[in-house]
Each structure stands twice: as structure tokens, then as C-alpha cells.
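These are my notebook entries on a structure I looked up, written down in the order in which I went through it.

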Amino acid sequence: MPKHYGEKIYLCNRCGFCRPACPVLPQKNMEETRAPRGRMLLIYGLMTGELKPSTSIVERIYLCTTCRYCYIKCPAGLEVDKIVEAARYELVKADIAPPEAHKIIASRIKDYHNPFGEPTANRISWLEETKMRFPEKAKVLYWVGCMASYRVPDTAITTVKILRHANVNFTMLGTEEGCCGSVLLRTGQREPVAEKYSKKNVEMISARGVETLITSCAGCFRTFHVDYQEILGEMPFEVLHSSQYIERLIRDGAIEFKEELPMKVTYHDPCHMGRHVGVYDAPRNVIKAIPGVELIEMANTREETRCCGAGGGLRSGFRELSITIAADRLKTDALPTGAEALVTPCPFCILNFEDALRAHGIGIEVLDLTELVSKALQI
């Protein structure tokens, strides 16, 4: 493990403030190794050689969404998510990890350029509905992301409709677009991203004459905004989440809402946008700009937002637990607001919340922010 992360583990004084923040730890569950401070003890034991790697220990280290909520609660400011990712990386290098589910994802990305093992041609099948052709080069590029391309196409469709409505001259990579590598980075499989994917993606985008990259995926946004800059240095183009770009379009007068949309909504902050990058205001400003829409905040919001349970490889490795966490977020925080819909600008959150709706019979609609904007613009 990198020395600076190893040294930070000693900052953990086992106070327990992280326990209530951890989404994978039910409050009545006293199993210490499922809590962030417990994971720090396990990683410390592996570092010092007091513990030998085992299936059980590896599982506990992967039972983390890397949501960063424990960091917000930690008096010592311990970046548990970064330490967990560094530990996973060391376990992968030692051929002790990742779990099989994450190995399969890495294999699919290598062979099909997406974590689902879908044919490359299917990446743009959603484009048929928009009947759109895009230029080879443009100053703005829409990076769709694997989740929106293959699993939550409404996010991609509404994003394109909004950009077209605002007369934005933009391009996309189409079938050339591959995976950004977010899931690989979160699960410790860093080498392919650092050695190949990051450079290839940035070079492809730069070759299109791009000055601004926008993406509607919180995971892709964090990867380009944080990880790629750590790997490659400063990006040769501006990186914005679609909510930030839409906020800009509204401010500049390129988007005007002419009709009221009488609707009560609440907003969920994706971890990779909020606690990881600090983007809280842009999506809220977009919602507040829509006449007739009432934004009702949940009790736990902004940096205190509770994780949907999908991140850090948890959904792919522990699907049932991931969906249970999403259901708890909806029941405990969203439903009490009385909102008709939960709005979030992350297709990964949307997929997990929708699975929770079906599995637990929860009565609230889940919308991407772009779907809400599209509905308000009647496009």
C-alpha cells in the first residue's frame, strides 16, 4: 500500500462515529468488521502481517460502497474510501482479489468495452429514437457512459433532446466510446485504467477538437474529474456533469421554461458528484428554475446524503444488499417528504432505486434530472 495511506490508518482512534454513517451496516448489527473502523483494523492487520489474507477478509474489504460518508463523520478526517481502494489495489496485485464478480466485469470491459458484455453496436441503439446525426468534431462532447448506454437509455435520450433543444453543437464518440474504468478503479483493478483506458479515452476526445466534455453519469464524471487527473495530469478539456452544463444553458438563456410543471420532487445527491467532487448546487438550481416544481429536501441531504448502495462494486458483488440499502433510503428519507418523485442525476442510482421500487413495492417515481427537464420543456 502507498506509504501515505498506510500512515493515515494510524489516525483512526476507533471512536465509532463512522458506524451510523456506513450504508452496509444495519444499526443493530454489531459485526465490527462490516464497519469502516473495522475495515481499517483488517487493513492494518494485513499491512503489518498480523493477519493473513482470507476469503472472509477480502469480502469485508469489498463490503464498502466507497460513498465517503464516513469521511464526513470522522473527527480525524480519515479518507476511508481512498484507503479501501488502495488496499483493494494491493490485494489485486497480490492476486488475492478481486471477488469473482468483479473479475468478470474486468474481462467484459477488456473484450466488449463495457461491464455488461453487451455488443459494441448496442451502445448506440438508443440513438434510433432521437434520429440524430452528430458531427465528427465539435467543441462540446457528450460522453454517454456505459450505464446510460445499455441500462438506463432514457437518461441518454433526454440529455440529447435537451442539447438539441438548446441548439448546442455537440458530438459523441458513438460506438468508439468505451468504458471510463470507474468500476475497475473502485474495485482495485487500477492497472488497465492507468496504463490504457484513461490515455485512449482522452486522446479520442481530444482528437475531436473538444473543449468541454459533459457526462450524465456521476461515476464517469468523478473518473474524468478526479482519477484521470491523478493519472494523467490536468485534462486538456473542461469536464462538467450534465447538470452543470444545463445550469449554464439556463443561465445563458439557451433554455427557457414556458409552461409550469406542477410537481413536488425531492433530490438525491449521488456520492460521486457530491462528497467526491463537491457538486451540490447545480442540479438544485436546475430544479428550482423549473416553474411549478417544488423541491422538498430530505432530512439527510448534501454532504449528509445517505448512499443508494450501488457504488464501489457493491451492487455487482452483493446485489441483494445493495438493493436493500436503496429501499431503506427511499422508505426512510424520500417517502416522508411527500414528494411525487425522487430526482437524481446518476443512472447508477436510478437503476438501483428502480430495482428497489420493484422489489419492495415502494410508491414513488424515480427520475433522472434530464427527464425532469425534458418533461418541463415538453420535448
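**Entry 1: charges and the chain as a whole**

I began with the charges, and I noted that the protein chain has 48 positive and 47 negative ones, whose mean positions are 3 Å apart. I should write down at once that this is a predicted model, so that I remember it when I read my notes again.

For the secondary structure of the protein chain I listed 18 helices and eight strands. I then looked up the extent of the C-alpha trace, which spans about 65 × 45 × 35 Å along its principal axes. What radius of gyration would a compact globule of 379 residues have? The expected value is near 21 Å and the protein chain has 20 Å, which agrees.

Next I turned to the surface, and I found that the protein chain exposes about 15,800 Å², with carbon and sulfur atoms supplying 49% of that area. Of the 379 residues, 56% count as buried, where buried means a relative accessible area under 20%. I also looked at contacts between residues with a separation of 6 or more, and 76% of these are accounted for by residues 24 or more positions apart.

**Entry 2: backbone angles**

Before I went through the backbone, I reminded myself that most residues other than glycine have a negative phi and that most peptide bonds are trans. With that in mind I noted the peptide bond from A97 to P98, which is cis and has an omega near 5 degrees. P98 is found in the loop between helix 5 (80–93) and helix 6 (100–112).

Where is H113 found? I placed H113 in the loop between helix 6 and helix 7 (127–130), and its phi is near 65 degrees, a positive value in a residue other than glycine. H113 counts as partly exposed because its relative accessibility is 33%, and partly exposed covers the range between 20% and 50%.

R302 also went into this entry, since R302 has a positive phi of about 55 degrees although it is not a glycine. R302 is found in the loop between strand 6 (293–295) and helix 15 (314–317), and at 28% relative accessibility R302 counts as partly exposed.

**Entry 3: aromatic pairs**

A pair of aromatic rings is described by the distance of the centres and the angle of the planes, so I wrote down both values for the pairs I followed up. The count comes to four aromatic pairs. One of them joins Y10 and Y44, whose ring centres are 5.7 Å apart and whose planes stand at 85 degrees, so this pair is edge-to-face, a term that applies to planes over 60 degrees apart. Y10 lies in the loop between helix 1 (3–8) and helix 2 (36–48), while Y44 lies in helix 2, so the pair ties together parts that are 34 residues apart in sequence. I checked the accessibility of both partners: Y10 is exposed, with a relative accessible area of 55%, and Y44 is partly exposed, with 25%.

W143 and F224 form an aromatic pair that is edge-to-face, with 5.1 Å from centre to centre and 75 degrees between the planes. Because W143 lies in strand 1 (residues 140–143) and F224 in helix 12 (residues 218–232), the pair ties together parts that are 81 residues apart in sequence. Are W143 and F224 buried or exposed? I found that both W143 and F224 are buried. I added Y228 to this part of my notes, because ring pairs link W143, F224 and Y228 into a cluster.

**Entry 4: two residues and what they touch**

I looked up F170, whose place is in strand 2 (residues 170–171). F170 is buried, with a relative accessible area of 3%. Leaving out residues up to four places away in sequence, F170 touches several residues, among them M132, F134, P135 and V160. The C-alpha atoms of F170 and E79 are separated by 37 Å, and these residues are 91 residues apart along the chain.

Finally I looked up K375, which is found in helix 18 (residues 369–377) and is partly exposed, with a relative accessible area of 38%. Which residues does K375 touch, not counting those up to four places away in sequence? I noted L261, M263 and L367. The C-alpha atoms of K375 and T158 are separated by 9.0 Å, although these residues are 217 residues apart along the chain.

Technical notes:
Residues are numbered from 1 along each chain as its sequence is written. This is a predicted model: local features need pLDDT of at least 70, side-chain atom pairs count only at pLDDT 80 or more; totals for chains, interfaces and linings use all residues. Side-chain values use heavy atoms; hydrogens and water are left out. Helices (H or I, at least four residues) and strands (E, at least two) are DSSP runs, numbered from the N terminus. The radius of gyration is taken over C-alpha atoms; the globule rule is 2.2 Å times the number of residues to the power 0.38. Buried means under 20% relative accessible area, exposed over 50%, partly exposed in between (1.4 Å probe, protein chains only). Contact means heavy atoms within 4.5 Å. Accessible areas come from the Shrake-Rupley method with a 1.4 Å probe; for residues, only the protein chains shown count as cover. Lys and Arg count as positive and Asp and Glu as negative; His and the chain ends are not counted. The place of a charge is taken as NZ of Lys, CZ of Arg, CG of Asp or CD of Glu. Rings of Phe, Tyr and Trp (its six-membered ring) pair if their centres lie within 6.5 Å; planes under 30 degrees apart count as stacked, over 60 as edge-to-face and the rest as tilted.
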